[in-house]
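Here's a quick tour of a protein fold for anyone about to look it over at the bench. Have the model open while you read.

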Amino acid sequence: MSLIPSILGGRRSNVFDPFSFDMWDPFEGFPLSSNLANVPSSARETSAFANARIDWKETPEAHVFKADLPGLKKEEVKVEVEEGKVLQISGERSKEQEEKNDQWNRVERSSGKFLRRFRLPENVKMDQVKASMENGVLTVTVPKEEVKKPEVKAIEISG
């Protein structure tokens, strides 16, 4: 097991993965410093949901992405494939409407936009990407092209 995920705050991604566009923020998790105290709360809320957690596994048949998106409907999530074999998953969780007489005691659920991009390997079938959402989990399946095994022909040795 690598030490890198524990150094980076328990992330499950690989820092050396050339297919991921994730950026590591060395100050993630630190309390806001005094010079950031004037940042509007809407900006802080948006960044809270910016890093949707996504698992990427490879099976012999496909690349499978799973994203935990609790509380989102499939209409609030976009899955797109760009030229150059880039998978993009994005969406937005709206802030709950505040009523005039409401008093919030605690707000921990994040809201705002998120965007994740993954560069896919060459061996994928971009025209057969499928996505489904069930119980707040988005599953995107990107089938792989079949690898043709080289034909081996035995040569008879004369002598």
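What follows runs from the overall fold to the sheet, the core and one threonine.

This is a predicted model, where local features need pLDDT of at least 70, side-chain atom pairs count only at pLDDT 80 or more, and totals for chains, interfaces and linings use all residues. Residues are numbered from 1 along each chain as its sequence is written, and side-chain values use heavy atoms, with hydrogens and water left out.

**Overall fold**
- The protein's secondary structure adds up to 2 helices and 7 strands; helices (H or I, at least four residues) and strands (E, at least two) are DSSP runs, numbered from the N terminus.
- Walk along the sequence and you get the pattern α-α-β-β-β-β-β-β-β.
- Of its 159 residues, 24% count as buried, where buried means under 20% relative accessible area, exposed over 50% and partly exposed in between (1.4 Å probe, protein chains only).
- About 12800 Å² is exposed, with carbon and sulfur atoms supplying 51% of it; these areas come from the Shrake-Rupley method with a 1.4 Å probe, and for residues only the protein chains shown count as cover.
- Looking at contacts (heavy atoms within 4.5 Å), residues 24 or more positions apart make up 56% of those with a separation of 6 or more.

**Strand pairing**
- An open sheet of 3 strands runs in the order E3-E4-E5, with antiparallel pairing; two strands pair if DSSP finds at least two bridges between them.
- Strand E3 (77-82) and E5 sit at the edges with a single partner strand each, so one side of each has no neighbour in the sheet.
- Neighbouring strands here are turned by 15 degrees against each other on average, direction ignored; the axes are lines fitted to C-alpha atoms, for helices over the stretch in contact, and angles run from 0 to 180 degrees between N-to-C directions.
- E4 and E5 pair antiparallel over 8 bridges, and glutamine 88 has arginine 117 in E5 as its bridge partner.
- Elsewhere, strand E1 (residues 54-58) joins E2 through 5 bridges, again antiparallel, and the two form a hairpin with 3 residues between them.
- Isoleucine 54 stands opposite alanine 67 in E2.

**Nonpolar core**
- A nonpolar core is a set of buried Ala, Val, Leu, Ile, Met, Phe, Trp, Tyr and Cys residues joined through side-chain atoms within 4.5 Å.
- The largest one has 16 residues, and Phe65, Leu69, Ile89, Leu138 and Val140 touch the most other members.
- Two or more residues come from each of strand E2 (62-68), strand E4 (86-93), strand E5 (112-119) and E7, with E7 giving the most, at 3 residues.
- Leaving out residues up to four places away in sequence, isoleucine 89 touches Ile54, Val77, Lys78, Phe114, Leu115, Arg116, Leu138 and Val140.

**Threonine 139**
- Threonine 139 is in strand E7 (residues 137-143) and is buried, because its relative accessible area is 16%.
- Beyond its neighbours within four places in sequence, threonine 139 contacts Val64, Phe65, Lys66, Lys130, Ala131 and Ser132.
- Its C-alpha atom is separated by 9.6 Å from that of aspartate 55, 84 residues apart along the chain.
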